[in-house]
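Please open the structure in your viewer and keep the selection tool at hand. The tour goes from one selection to the next, and at each stop it says what is there.

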Amino acid sequence: MDFSTVDSALTGTRFMTSAQARVMYDFVVEHRLARVLELGFAHGKSSCYLAAAVEEVDPERGHVTTIDRTDAERRDPNIWELGRRTGLSERITPVMAHTSFTWEMMKLLREDPTPRFDLVYIDGGHTWDTTGFAFHLADRLLVPGGWMVLDDLDWTLGGSDSMREKTWVKRLSPEERDSGQVRLVFELLMQGGGYEQCHEVGKWGFGRKPAGPVTPVVGSTARVPRVALPPTHAPRRPRDLRDLVRRTVPVEVRRSVLRVAPEWAHRLYRRGADRTGATH
Ligand SMILES: C[S@@+](CC[C@H](N)C(=O)[O-])C[C@H]1O[C@@H](n2cnc3c(N)ncnc32)[C@H](O)[C@@H]1O
């Protein structure tokens, strides 16, 4: 299915933006990646973009297996509705996890340990424990020469509105709270594990599983090529910015910056929200 057809069926649904989807769609088509495993589908928006792309690559075998928790069924719209809306249901197999995709990946390995995915896209969890373990499981399921993509390299628990007030997050050390844990997976496990052609596009980290034996790379914090995507999200909400000012501006000038920041941030946020239709 061509990009604009699937894109127009998905407008108004949260998560993957059109700009991101365009990058992912083109990547899948360019590298001829027909069998995709996705971790974290939410409404199934990204799953539909991926399904449209794999259909272009291989109308016979193109398929997306995607895993989220059982409560994703209650989302409005849910993945089944988006599948119907785009006409791509047949290309998508949603797997519902009681607790975590890592458990369902155990079952995939137990059923058949043969590497069988050309692309694994990890967009859920975002912690060292979950994403790091998912990375290793995904690596076992990925064909040699296949690609892995990690979303939200710089997302932090402390910077997240929905996470920072949770009791378990408050109990973390500042380092655990404020580190981009997905980036640690990208640098230490993906680059450090010998993945090739590692690069960043927007908030995604890409890497290619080597076709031959791997030599681990020591101290893999080497800089990788980065491509910035044009901004597609509304700027941060005023509350986020006040928080940012508190964390980053020297104490002597913080008061005066804070005096103007909320008004300025509010105007910026409204302007961005109007432009993008963002509601978060
Ligand atoms: C950012 S959303 C995914 C958005 C989707 N990929 C898109 O772009 O349209 C992240 C999803 O990951 C799921 N998730 C997070 N941790 C998970 C885990 N350990 N096991 C299964 N699903 C998980 C959440 O339920 C949520 O729906």
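Two strands are said to pair if DSSP finds at least two bridges between them. Keep in mind throughout that this is a predicted model.

**Stop 1: a pair of strands in the sheet**

Select strand β5, residues 142-150, together with β7; these two strands run antiparallel and are joined by four bridges. Within this pairing, pick out Met148 and look across to β7, where Gly207 stands opposite Met148.

**Stop 2: the hairpin**

Now keep β7, residues 204-208, and add strand β6, residues 196-201, which pairs with β7 in the antiparallel sense over four bridges. If you select Glu200, you will find Gly205 of β7 standing opposite. Together β6 and β7 form a hairpin with two residues between them, and Gly202, which lies in the turn, has a positive phi of about 55 degrees.

**Stop 3: the other partner of β6**

Which sense of pairing, parallel or antiparallel, joins β6 to strand β8, residues 226-227? Here the pairing is parallel, over two bridges, and Val201 has Val227 in β8 as its bridge partner.

**Stop 4: the whole sheet**

Select all the strands in turn, following the order β3-β2-β1-β4-β5-β7-β6-β8, and you will have traced an open sheet of eight strands with mixed pairing. The edge strands are β8 and β3, residues 92-97, each of which pairs on one side only. In general, strands of a sheet pair through backbone hydrogen bonds, either parallel or antiparallel.

**Stop 5: helices on the sheet**

Add helix α5, residues 101-111, which lies across β1 (35-39), β2 and β3 and runs at about 120 degrees to β3. Then add α6, which packs on the sheet as well and touches β1, β4 (117-122) and β5, its direction making about 170 degrees with that of β4.

**Stop 6: α6 with α9**

Keep α6, residues 128-141, and select helix α9, residues 181-191: their axes come within 9 Å and cross at roughly 35 degrees, in a right-handed crossing. On the α6 side the contact is made by Trp128, Thr131, Gly132 and Phe135, while α9 contributes Gln181, Val182, Leu184, Val185, Leu189 and Met190. Sorted by class, this contact of α6 with α9 has seven nonpolar residues, three polar and no charged ones.

**Stop 7: α2 with α3**

Move to helix α2, residues 18-30, and α3, whose axes come within 9 Å and cross at roughly 25 degrees. Because angles under 35 degrees count as roughly parallel, α2 is roughly parallel to α3. The crossing of α2 and α3 is right-handed, and in it Ala21, Met24, Tyr25, Val28 and Val29 of α2 meet residues of α3 that include Tyr49, Leu50 and Ala53. The residues of this contact divide into 11 nonpolar, no polar and one charged.

**Stop 8: around the ligand**

Finally, select the ligand and the residues about it: how many residues surround the ligand? There are 19, and the closest are Phe15, Met16, Gly40, Ser46 and Gly124. Both α3 (45-57) and β2 (63-69) supply at least two residues of this shell, with the largest share, three residues, coming from β2. If you colour the shell by class, you should find eight nonpolar, seven polar and four charged residues.

Terms used. Residues are numbered from 1 along each chain as its sequence is written. This is a predicted model: local features need pLDDT of at least 70, side-chain atom pairs count only at pLDDT 80 or more; totals for chains, interfaces and linings use all residues. A residue is near a molecule or strand if its C-beta atom, placed from the backbone, lies within 6 Å of it. Ala, Val, Leu, Ile, Met, Phe, Trp, Tyr, Cys and Pro count as nonpolar, Asp, Glu, Lys and Arg as charged, and the others, Gly among them, as polar. Axes are lines fitted to C-alpha atoms, for helices over the stretch in contact, and angles run from 0 to 180 degrees between N-to-C directions. Angles under 35 degrees count as roughly parallel, over 145 as roughly antiparallel, 65 to 115 as roughly perpendicular and the rest as oblique. A crossing is left-handed if the near helix is turned anticlockwise from the far one by less than a right angle, and right-handed if clockwise. Two residues are in contact if their C-beta atoms, placed from the backbone, lie within 7 Å.
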